[in-house]
Amino acid sequence: MTLDLELRGASLRYDDGTEALRGIDLSVPGGTILGLLGRNGAGKSSLMSLVASLRRPTDGQVLIGGRDPWEDAELTARVALVGEAAEGGAWKVRDAVTSAGRLRPTWDAAYADRLLDLFEIPNVKIAKLSRGKRAALACLFGLAGRAPITMYDEPYLGMDAPARYAFYDEVLSDYMVHPRTVILSTHHIDEVASLFGRVAILDDGRLVTDDETDSLRARGTEVTGPAAAVDEFTGAAGLRVLSTRSLGGTKAAVTYGDLTDVARRRAADAGLELGPIPLQDLFVHLSGATQPEEASL
Amino acid sequence: MSTTASTTTARRPWLRAAGALGADLSFYAVVWTGVGAALLIINLVANTVWGDLEASIWDGNASIFQYAMLGAGIMVVAGYLPVYLTHGITRRDVTSGALIALVGLAVVAALATTAGYLVESVVFDVAGWPHVLGGEHEMHIYDSPDQYGLIFVELFFLYATHAIAGMLIVAALFRLGWVFGSVFLLAGAGVAVGAELALGSGAAGVLIRDWLDIGAPPVVVGLLIAGGLAVGGALLTRALLAGVVIESKDAALWR
């Protein structure tokens, strides 16, 4: 079973006056793997804390399966938030896994055992684990918990590359067998971008974009050619110019917007090259870049 | 396929929380049982070697266990609430589960402490020492260390109120922060010390009673007061925890 997630005008203001989220409207259909992207302080953790009912929105609503999850035991049991693995931990690994199994009705104990082996996590006090193993243990909770909405708030930051890739493989392979909504917040965008069915980008508490990954990628185009032709083309095509680089009379513009087939033919006729932009670059330009950047090559 | 949340009743999550917490607290119970057994043995051996005993020594030793229960109440909220919320248990169910687990722990601890009097009576009988209550200040609801039923009842109420007092203190700090939450230290202390005064037992209760020069109320009244304090403290704790917020950085998957 999967659950739809919806935020309607959700805002969150902390006691110190910080506006962490500003009127977020976001719809995540059940069974989506969503990449939640944003710079530090953009509001990713705040958004996930609302979905996990760790706090309530100051304004607006969070709806899971059409209902407010706050203190709704049936819904909160179906939502898991896996945060960055904190230091410390008085429990032994096995005790923590057993305790989680008692609390999560959807817990898969056999899968948890397999993951302990896969990530080579020893049964010692959690405080004695390396940062990478603690991160792997946190990811294990998300995977074996099998919650219909599972959110990962960058727990994998401490893992080395092989462990991260093993985790990504597990997310995907387990998702194929047990479809659910997975929300991944990450800075390693290109590593994990192939998993994303949908991407939402936050900046300064606002939702900058929310789209299918392929559609988002298709909107990002680098237009390269004679400066005047680039300017004329981007203006005529109504593209949003995110950044430009110039070398002599040649200009490369990173643009965002829909390109019709007619526009593509016109670009070819004008001697312009159109190229894709990696998701990571698109993210960099869309988050925090309110003004077009200009640089010299 | 996407669906809306079903309205079928989920398995009782408060019972799941109580079971998990009970299992987690069992280690705490084992440790304190070990402490109690060690105290009893050390005292008996020392007194056997260096002199005769004229009254129960367990009666004095046992008075520390209500403070262990206070610690259990503190630990449950401070240590387990963020973990259980992160694992998808609601505040209401964590509170209910914690109260059930702590009341269960109070029963077990009261039985274990009562068993201490029984063990002591056997040793005293063998040694030919008089097994009587020797405390000059402790009043209790029982007159003799072999009134096991009354001993159990007093200890149960004492332990339960202290555990709830511990929960109340930390619940207030979690909900209201250090400045306003500290006011509830008095409320928490009120539940614990009030029960000690009502039952005529416990170090803080004895001090205050001696200072005010008052006696313990009749047994039934004392039990009603202690029970009322436990229920009041539990309701206040529940109300405080109902809206408690967990910062993202405090979300925890383990202790």
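Let's start with two helices in chain A. Helix α4, residues 109-118, packs against helix α5, residues 131-145, at an angle of about 150°. Their axes are 9 Å apart. Over 145 degrees counts as roughly antiparallel, so α4(A) is roughly antiparallel to α5(A). The crossing of α4(A) past α5(A) is right-handed.

One caution before I go on: this is a predicted model.

Which residues make this helix contact? From α4(A), we have A:Y111, A:A112, A:L115 and A:L116. Facing them from α5(A) are A:L140, A:L143 and A:A144. Now sort them by character. Seven are nonpolar, none is polar, and none is charged.

Next, the sheet. In chain A, three strands form an open sheet, in the order β3-β2-β5. The pairing is antiparallel. As background, strands of a sheet pair through backbone hydrogen bonds. Which strands sit at the edges? They are β3, residues 19-28, and β5 of chain A. Each of those pairs on one side only. On average, neighbouring strands in this sheet are turned by 20° against each other, ignoring direction.

Look closer at one pair. Strand β2 of chain A covers residues 5-13, and it joins β3(A) over six bridges, in the antiparallel sense. Here is one position to find on screen: A:L7 has A:L26, in β3(A), as its bridge partner.

Now the second chain. How many residues of chain B are in contact with chain A? The count is 31, and they meet 42 residues of chain A. Which elements of chain B give two or more residues to that side? There are β1 (2-3), α1 (13-50), α3 (65-86) and α4 (91-127), each of chain B. Be careful with names here: this α4 belongs to chain B. The largest share comes from α1(B), with six residues. By character, the chain B side has 15 nonpolar residues, nine polar and seven charged.

Last, confidence. Chain A averages a pLDDT of 92, and 96% of its residues score at least 70. Where is confidence highest, and where is it lowest? The high point in chain A is strand β5, residues 59-64, at a mean of 98. That β5 is an edge strand of the sheet we just saw. The low point is strand β15, residues 293-296 of chain A, at 49.

There is also a stretch to flag. Over residues 289-293 of chain A, pLDDT stays under 50. For that stretch, the model has seven contacts beyond four places in sequence. Where pLDDT is low, the predicted coordinates should not be read in detail.

That's my tour. Thanks.

Terms used: Residues numbered from 1 in each chain as written. Chains lettered and ligands numbered in written order. Predicted model: local features only at pLDDT ≥ 70, side-chain atom pairs only at ≥ 80, totals over all residues. pLDDT = per-residue confidence, 0-100. Helix = DSSP H or I, 4+ residues; strand = E, 2+ residues; numbered from the N terminus. Contact = placed C-beta atoms within 7 Å. Pairing = 2+ DSSP bridges. Axes fitted to C-alpha atoms, helices over the stretch in contact; angles between N-to-C directions. Nonpolar A, V, L, I, M, F, W, Y, C, P; charged D, E, K, R; others polar. Parallel < 35°, antiparallel > 145°, perpendicular 65-115°, else oblique. Left-handed = near helix turned anticlockwise from the far one by under 90°.
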